[in-house]
Amino acid sequence: MSSPPGRRARLSSPGAGRSSAAREALRRRLLGLIEGNRVMIFSKSYCPHSTRVKELFSSLGVACNILELDQVDDGANVQEVLSEITNQRTVPNIFVNKVHMGGCDRTFQAHQSGLLQKLLQEDSAYDYDLIVIGGGSGGLACAQEAAILGKKVMVLDFVVPSPQGTSWGLGGTCVNVGCIPKKLMHQAALLGQALRDARKFGWEYSQQVKHTWETMTEAIQNHIGSLNWGYRLSLREKAVAYVNSYGEFVEHHKIKVQQLEKGSPGKLKVVAKSTEGPETIEEIYNTVLLAIGRDSCTRKIGLEKIGVKINEKSGKIPVNDVEQTNVPYVYAVGDILEGKLELTPVAIQAGKLLARRLFAGRLEKCDYVNVPTTVFTPLEYGCCGLSEEKAIEMYKKENLEVYHTLFWPLEWTVAGRDNNTCYAKIICNKLDNYRVIGFHVLGPNAGEVTQGFAAAMKCGLTKQLLDDTIGIHPTCGEVFTTLEITKSSGLDITQKGC
């Protein structure tokens, strides 16, 4: 499959005026060269950096295949398609055993660290094409997509138990302690509010209504358990190997799996002082829960052994725009990414697209712009795009127009709820035809409302398009089709009726 050192590959070209079919054919040819050669170098004969790389492989006695882009008829198009595949526009562009090394500097860095030698020693007969550490939304999506594409895949997932021995099943934060239980408990709260509203709408009930926490938690846990089982079944159906063990890098391309012992809880003396008075509490506990967010679990999986860089303060992993870390064959998706959104749908999208780029020759990257999200508090908040503060920072205040209003949902009127609690706001860029760059709503079903407008924002929603849209009356989403008051006008936005 590989050629003697210095052998030049030739690539026939369908000629100028490339059709999309011809372009796709060229991409398949390039992927064929990458797949079919132990070392594949895309080069230019006059490039000094390319010469250095060739000399490096020659000194190592390594056979490589070289395509000189300045010596083929269609070199410019070859380089363009190659840049789409690799996100690198320069030469040399180097692959070793199908791993994209990058250019001259990264190849020499890999040689100095020993990574290049390790890759050259491999005969591509790995146990798996893809190993995923972490069975959360992004990892599972990537694993299943890769399996659908015919690759041999393993998922390693293990949740370190709490001192009390509490753990959870496959599915990650979202399924077990995040989105799913959060939304179900949110629904429980809404039902309680609906009971209070019901009498105002003529519903009479004499029996005292009470809530049983245990009944709710048992029902929610049962649902989560069914989801855990569903994920395991889905992996099994796609022939993905699932191991409930802790994964840790021990060297390049080698991962070990030392289910951790549960251990026993220690004792902690806790001293707490009230912020609203002089009261002080002092007790001994074996478990203390600090609800201050989540840490990235990246410091104990051996990343330092293979040179993967992390943010030492947060544990987050920096990646490029194709989710690739500084070690070419290691990628990261989901909540552990530095500077990206910690949202389940984002992780799922990124995981799927990563598998398609790695194993199906696809080019699509995850779009982290204008991602909608919701806070499921009893009064929901939904947003998409920029906050007003961030918009001012990016575009300057004088280039923005902010439209806003308080509103009173019709279902709140008879119930007698506050008529100036719900709020709608859009932020528009004056310099771009008043394009909506920020969408915010506080009110019932804000998540459902935001999801629809997010699609419109992806299509370039403007204030004029909102004005031209006929609303559904009476709904909360309708308010965005009738926004008139700008924040800069200082006019009153309180509501007196529906």
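This report walks through a few regions of a predicted model, from strand β2 to residue K425.

## Ground rules

Residue numbers start from 1 along each chain as its sequence is written. Since this is a predicted model, local features need pLDDT of at least 70 and side-chain atom pairs count only at pLDDT 80 or more, while totals for chains, interfaces and linings use all residues; side-chain values use heavy atoms, with hydrogens and water left out.

Helices (H or I, at least four residues) and strands (E, at least two) are DSSP runs, numbered from the N terminus.

## Strand β2 and its partners

Start with β2 (residues 39–43): 5 of its 5 residues are buried (under 20% relative accessible area, with exposed meaning over 50% and partly exposed in between; 1.4 Å probe, protein chains only). That is why the strand counts as largely enclosed by the rest of the structure. In a regular strand, side chains alternate between the two faces of the sheet. Here V39, I41 and S43 sit on one side, M40 and F42 on the other, and both faces are covered.

Two strands pair if DSSP finds at least two bridges between them. β2 runs antiparallel to β4 (residues 93–96) over 4 bridges, with F42 bridged to N93. With β3 (residues 65–68), β2 pairs in the parallel sense, again through 4 bridges; S43 has E68 as its bridge partner there.

## A three-stranded sheet and helix α6

Next up is an open sheet of 3 strands, ordered β6-β7-β8 with parallel pairing. β6 (130–133) and β8 (241–243) are at the edges with a single partner strand each, so one side of each has no neighbour in the sheet. From one strand to the next, the twist averages 15 degrees (axes are lines fitted to C-alpha atoms, for helices over the stretch in contact; angles run from 0 to 180 degrees between N-to-C directions). β7 (residues 153–156) and β8 share 3 bridges, and M154 is bridged to A241.

Helix α6 (residues 137–148) spans 17 Å from first to last C-alpha, close to the 16 Å expected for its 12 residues (1.5 Å times one less than the number of residues). The helix is mostly covered, with 11 of its 12 residues buried. Those buried residues pack against β6, β7, α7 (172–177), α9 (213–237) and α11 (contact means heavy atoms within 4.5 Å). After α6 comes G150, with a positive phi near 90 degrees.

## What UniProt lists

An unreviewed UniProt entry places "domain: FAD/NAD(P)-binding" at residues 128–255 and 275–351 (positions in the numbering used here, feature names shortened, annotations possibly inferred rather than shown by experiment). The 128–255 span is 49% helix and 13% strand, with end C-alpha atoms 11 Å apart. Residues 275–351 are 16% helix and 8% strand, and their end C-alpha atoms lie 44 Å apart.

UniProt (unreviewed entry) also lists "domain: Pyridine nucleotide-disulphide oxidoreductase dimerisation" at residues 371–482. This stretch is 28% helix and 29% strand.

## Two residues up close

N320 is in the loop between α10 (303–306) and α11 (344–359). N320 counts as partly exposed because its relative accessibility is 28%. Its side chain reaches the backbone nitrogen of Q324 at 3.0 Å.

K425, in strand β16 (residues 422–429), counts as buried because its relative accessibility is 12%. The K425 side chain makes a polar contact with that of E388 at 2.9 Å (a pair of N or O atoms within 3.5 Å; within protein, one must be able to donate a hydrogen and the other to accept it, and residues adjacent in sequence count only if both atoms are side-chain atoms). Beyond neighbours within four places in sequence, K425 has other contacts too, including V402, Y403, H404 and F480.
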